[in-house]
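Colleague: I'm new to this one, so could you take me through a single part up close? I'd like to hear about the cavities, and then whatever around them helps me find my way.

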Amino acid sequence: MSGKTTQIRNLALIGHSGCGKTSLAEALLFGAGATSRLGKVDDGSSVLDFEPEEIKRKITISSAFHHYQWKKHTAYLADTPGDDNFLADTRAALHVADGAVVVVDAVDGVKVGTEKVWETANRYNLPRLVFINKMDRERADFHQALKEVREVLEVQAVPILLPMGREAGFKGVVDLIGQKAYVAAAGGGKLEAVPIPDDLKDEVEALHGDLLNFAAESDDALIEKFLEEGELTPEEIYQGLRVGTLKGSFVPVLCGASSNSASAALLLDAINFYLPAPEDRGQIVGQHPSTGAEEAFVADPDGPLAAQVFKTVADPYAGSLSIFRIYSSAMAADSTVMNATRAVPERFGQLFMLEGKGQKAVPSLGPGAFGAVAKLKETVTGDTLTAEGKPLLL
C-alpha cells in the first residue's frame with residue numbers, strides 16, 4: 001500500500017450479546033493509551049456503555065464510537081450491540097465500516113447472534129478477524145469455539161494465536177507466526193516473552209506450517225519462494241495473510257481474555273496488520289443526484305468530499321448530533337457542506353471525534369474517520385454530505 005490513507009483503520013466490533021465486545025473494546029482503548037483507566041462493564045465504569053439503561057442491563061443498546069493510535073496507525077472503532085432488538089444499529093455501523101472484529105465467547109461458542117452479524121458482514125464484503133474471548137472463564141474451550149466458527153459460519157478460520165492454559169489457568173498466548181509465547185508483564189500493559197510450554201510445541205509447529213501454506217497461496221511471489229526454500233520470514237507471512245484476509249479467502253483467529261493485557265496488545269497489532277485501510281476497499285460508487293449516473297471515486301484526502309450520516313443521536317449538551325463516516329476528502333470545523341440528498345447547504349461550527357459519551361473538538365477529519373457535528377437543520381440519517389458544486393449520493 002502506498003496511498004494516503006495507509007495508516008488508517010476503521011472497524012466495528014461485532015458478536016452475540018454477552019460475548020464481551022465492550023470489555024474487549026475497553027481493553028483496546030486502554031492498551032493503546034486512548035483512555036487512562038480500564039473501563040469495566042460490570043461496575044458501570046465503561047467508557048462505551050454509558051447510557052443508564054446500558055449500565056443497568058450490562059448490555060450495549062446503541063453503537064458507541066471511539067478512536068486510538070497504535071504504532072503510527074489511527075483506528076476508528078464502533079462497539080456495536082449484539083442483542084437481537086438492537087441489530088439495526090449494528091447493521092448501520094457495518095454499512096460504513098471497512099473491517100470487523102468478530103468476538104466469539106470461548107464458553108458459549110457461536111450463537112444465533114454471531115450468525116446474524118456474520119451474515120451482515122458478508123453482505124458488505126468486510127474483511128474480518130475472529131477473536132475468541134473469555135479464555136479465563138470456567139468451561140472455556142478454544143478448540144471447540146474454533147470448530148464452531150469453521151462449521152457454523154462456513155469459513156476458512158486460520159489460528160494465528162494459541163492460548164496457553166484455560167479457565168483460571170489461562171496465562172497468555174503463543175504467536176504462531178513468530179513462534180513466541182507471551183504473557184502480560186507484572187503491572188500490565190507490556191508483553192513479556194516466555195518459553196513455549198513443552199506440551200504445546202508440536203501443535204505450534206503444525207499450526208505454523210499451516211500458516212506458511214495459507215500465506216504462500218495468497219501471493220504468487222511467496223509461493224515460489226516457499227516451494228524453493230520451504231520457509232518464509234514472519235514479514236512475508238504477515239504479507240501473505242494480509243492479502244488473503246483482504247480477499248476474504250480466510251479469516252485469522254486470535255484468542256485471549258479482555259482482562260489480559262497481552263491479548264489486547266496482540267489484537268491491536270493484528271488490526272494494523274490485517275484489516276484494510278480505506279484505500280484497500282477499492283472504488284466507492286455513488287450517483288449523481290440529478291442524472292442518476294454512477295460516479296466512482298477512491299478514498300483520497302485531496303479528492304471531492306463524500307461523507308454519509310449513518311446515525312443521529314440526542315446529546316444532552318450538544319443537542320442533535322449527526323454521526324457520519326468520511327469516505328473521501330476532509331471536513332473542517334466552521335464549514336458549509338452540501339446535503340446532496342436534499343439539495344440544501346448545511347452550516348456547522350465545531351467538528352467532533354466521538355469518545356464514548358464524550359466528544360473531542362478537532363479542526364478537521366479525513367477519510368476513514370467517524371465524526372460528528374451538532375444541530376444540522378435539514379440532515380437526517382442516510383443523507384450524503386458533499387462539497388458545494390460537487391453533489392453525489394452514496
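Modeller: Let's start with the cavities. This is a predicted model, and it holds three cavities of 30 Å³ or more. The largest cavity has about 40 Å³ of space in it.

Who lines that space? The residues around the largest cavity are L87, T90, R91, L94, K116, V117 and T120. If you sort that lining by class, you get three nonpolar, two polar and two charged residues. Two helices are worth finding here: α3, which runs over 87-96, and α4, over 112-123, each supply at least two residues of the lining. Of the elements involved, α3 gives the most, with four residues.

Now stay with K116, since this lining residue also has a salt-bridge partner. K116 pairs with D84, and their closest N and O atoms are 2.8 Å apart. That pair ties together distant parts of the chain: D84 sits in the loop between β3 (73-79) and α3, K116 sits in helix α4, and 32 residues separate them. Are these two buried or exposed? Neither, quite: D84 counts as partly exposed because its relative accessibility is 46%, and K116 gets the same label, partly exposed, at 31%.

While we're on salt bridges, the structure holds 13 of them. One of them joins the side chains of K111 and D108, at 4.0 Å from N to O. Here K111 is partly exposed, with 36% relative accessibility, and D108 is partly exposed too, at 39%. Another joins E229 and K225, at 3.8 Å from N to O. Those two are four residues apart in helix α7 (residues 220-229), so about one helical turn separates them. That fits a general point: an α-helix has 3.6 residues a turn, so residues three or four places apart point the same way. As for E229, it is exposed, with a relative accessible area of 54%. There's also a network of salt bridges, and it links D98, R281 and R325.

What about disulfides? The count comes to zero. Take C19: it is in no disulfide, and the nearest cysteine sulfur, in C255, is 15 Å away. Seen from C255, the closest cysteine sulfur is the one in C19, and 15 Å is too far for a bond, because a disulfide needs the sulfur atoms within 2.5 Å. Both cysteines are tucked away: C19 is buried at 0% relative accessibility, and C255 is buried with a relative accessible area of 0%.

Last stop, helix α1, which covers residues 21-31. This helix is mostly covered, with eight of its 11 residues buried. The buried ones are K21, T22, L24, A25, E26, A27, L28 and L29. What lies over them? The cover includes the strands β1 (8-15), β2 (64-70), β3, β4 (99-105) and β5 (128-133), along with helix α9 (261-274). You've already met β3, as one end of the loop that carries D84. After α1 comes G33, with a positive phi, near 85 degrees.

Note on methods. Residues are numbered from 1 along each chain as its sequence is written. This is a predicted model: local features need pLDDT of at least 70, side-chain atom pairs count only at pLDDT 80 or more; totals for chains, interfaces and linings use all residues. Side-chain values use heavy atoms; hydrogens and water are left out. On a 1 Å grid over the protein atoms alone, a cavity is a set of points where a 1.4 Å probe fits but cannot get out, and a pocket is an open set with protein on both sides within 12 Å along at least five of seven lines; lining residues have an atom within 4 Å of a point. Grid points are joined across faces, edges and corners, and a volume is the space filled by probe spheres set on the points. Ala, Val, Leu, Ile, Met, Phe, Trp, Tyr, Cys and Pro count as nonpolar, Asp, Glu, Lys and Arg as charged, and the others, Gly among them, as polar. Buried means under 20% relative accessible area, exposed over 50%, partly exposed in between (1.4 Å probe, protein chains only). Contact means heavy atoms within 4.5 Å.
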